[in-house]
Amino acid sequence: MELGWSTLLVLGAVFGLMYGFLLQRGDFCFTSAFRDLYAFRHTRVLQGIVTAVAVTTLGWGLAMTAGWATPDRLWVPPVGWNSFLGGFLFGVAMYVAGGCASGTLYRAGMGYGQFWLTLLGMGAGYYAFLRLFPGVLQPYFFQPLQITGPVTLYRILPWPPLLTALLAVAVLLAAVAVVAGPRSLARSAVEVAAFFRQGPAVLLRLRSWDTRAVGLLLGIVSTVQFSLWTIWGITGPETRLVAAAWGALDDPARVAANPYVANLFRGYPGLVLGPEEVLILGIIAGAALSARLNGTFRWRKPRLQRLPNALAGGFLLAFASRLTPGCNIGNILSGLPALSLHSLLATAGIATGIYAAWKVAHLRQAAVLQSCQVEPAAAGRSLPATPAPASRSLAAGPTGSR
């Protein structure tokens, strides 16, 4: 069933509000998910991400088997070395900025001025990419690095999509059981069920929700969106927002002739905002609504020492998301359920990039603390030993924010 433009705009607003609400309630930050795993072996948010991927994969497999959606709605980019390299740079940028693509949006909705500056830096990154794409990036980056076209298990395996999805989720859960223990899955199911038994009135007042419950709800909402319309993405629509602004300030015909812009606005009635761009704005509004309801909304001025992280990290977030292509939502919550090889490589790149950035920051801070201990001894003075730093202070991102 083809939906009209105005209907899609309404859907974009509704889905954006739901995503923003859920992301805020779960504090569903992909940066802290990986960083906390490396630094503290904590998996609070990572469990929610795994839940969202598993539920979305099953939901999409069911939707395609039942005929609610067709496989052409899957987002499956070509496979290249840029899949991993761009993901790696995106992971580094997540650590520098202190947030991912979705985390930046929901924290902006909560009143964090720092993440509005990150969005400003991202706008500059998208603009730089669009200007460099035709003459530099397309001939000297994308074309040499491409290995093959789109690859997904749904096109390789001759089975019904739901069977392929069940196989993929079984492999994922088996890996979780091996790492976390065979009883971990049953224990998680019991705890999530107990969370939902609290009732809507209690849940609305809670400051923070169980991330596994949030992952479950995100997977269900994403499946409904996939069945009605399309997948969930963030940095692609944000690039359209920047291209539309560029067209409003420049010659629209010249901007529309840019090959990357032309491809982005395929099916659009010109350089205008569409339903996916409305969804982005809806995420900010949904997060603001959730924060108002649970009492966590507050305008917070950005700190001066964090400005370079916000602006430079935002610039790199946007630029790397186009090099990959895709962000944490596009590749992890939409690309992995599509069983896309590109998104698997991009996710590996993101995880590696966050680890590399965390490791460098950890070593630098450790070296500074080491020098503080050695210098007094070298001067021959007897001073009390420097207390050991708290583990979180060593592992937290350079912005100190999650």
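Which residues are linked with Asp210 in a network of salt bridges? They are Glu191 and Arg212. This is a predicted model, and its salt bridges make a friendly place to start.

**Salt bridges**

The structure holds 7 salt bridges. The table lists some of them, with the distance between the closest N and O atoms.

| Pair | Closest N and O atoms |
|---|---|
| Arginine 35 and aspartate 36 | 3.8 Å |
| Glutamate 276 and arginine 240 | 3.6 Å |
| Arginine 240 and glutamate 277 | 2.7 Å |

Arginine 240 lies in helix α12 and glutamate 277 in helix α15, so their salt bridge ties together parts that are 37 residues apart in sequence. Glutamate 276, in helix α15 (residues 275-294), likewise links to arginine 240 in helix α12 (residues 235-249), a separation of 36 residues. Arginine 240 is buried, with a relative accessible area of 10%, and glutamate 277 counts as buried at 1% relative accessibility. Glutamate 276 is buried too. As for the remaining pair in the table, arginine 35 and aspartate 36 are both buried.

**Helix packing**

Now for two helices in contact. The axes of α2 (residues 30-40) and α3 (residues 44-66) come within 7 Å and cross at roughly 120°, which means that α2 is oblique to α3. The crossing is left-handed. On the α2 side, Phe30, Ser32, Ala33, Phe34 and Leu37 make the contact, and α3 contributes Val45, Leu46 and Ile49. Sorted by class, this contact has 7 nonpolar residues, 1 polar residue and no charged ones.

**An enclosed helix**

Finally, take a look at helix α17 (residues 328-335): 8 of its 8 residues are buried, so the helix is largely enclosed by the rest of the structure. Among these buried residues are Asn328, Ile332 and Leu333.

Methods:
Residues are numbered from 1 along each chain as its sequence is written. This is a predicted model: local features need pLDDT of at least 70, side-chain atom pairs count only at pLDDT 80 or more; totals for chains, interfaces and linings use all residues. Side-chain values use heavy atoms; hydrogens and water are left out. Buried means under 20% relative accessible area, exposed over 50%, partly exposed in between (1.4 Å probe, protein chains only). Helices (H or I, at least four residues) and strands (E, at least two) are DSSP runs, numbered from the N terminus. Axes are lines fitted to C-alpha atoms, for helices over the stretch in contact, and angles run from 0 to 180 degrees between N-to-C directions. Angles under 35 degrees count as roughly parallel, over 145 as roughly antiparallel, 65 to 115 as roughly perpendicular and the rest as oblique. A crossing is left-handed if the near helix is turned anticlockwise from the far one by less than a right angle, and right-handed if clockwise. Contact means heavy atoms within 4.5 Å. Ala, Val, Leu, Ile, Met, Phe, Trp, Tyr, Cys and Pro count as nonpolar, Asp, Glu, Lys and Arg as charged, and the others, Gly among them, as polar. A salt bridge is a side-chain nitrogen of Lys or Arg within 4 Å of a carboxyl oxygen of Asp or Glu.
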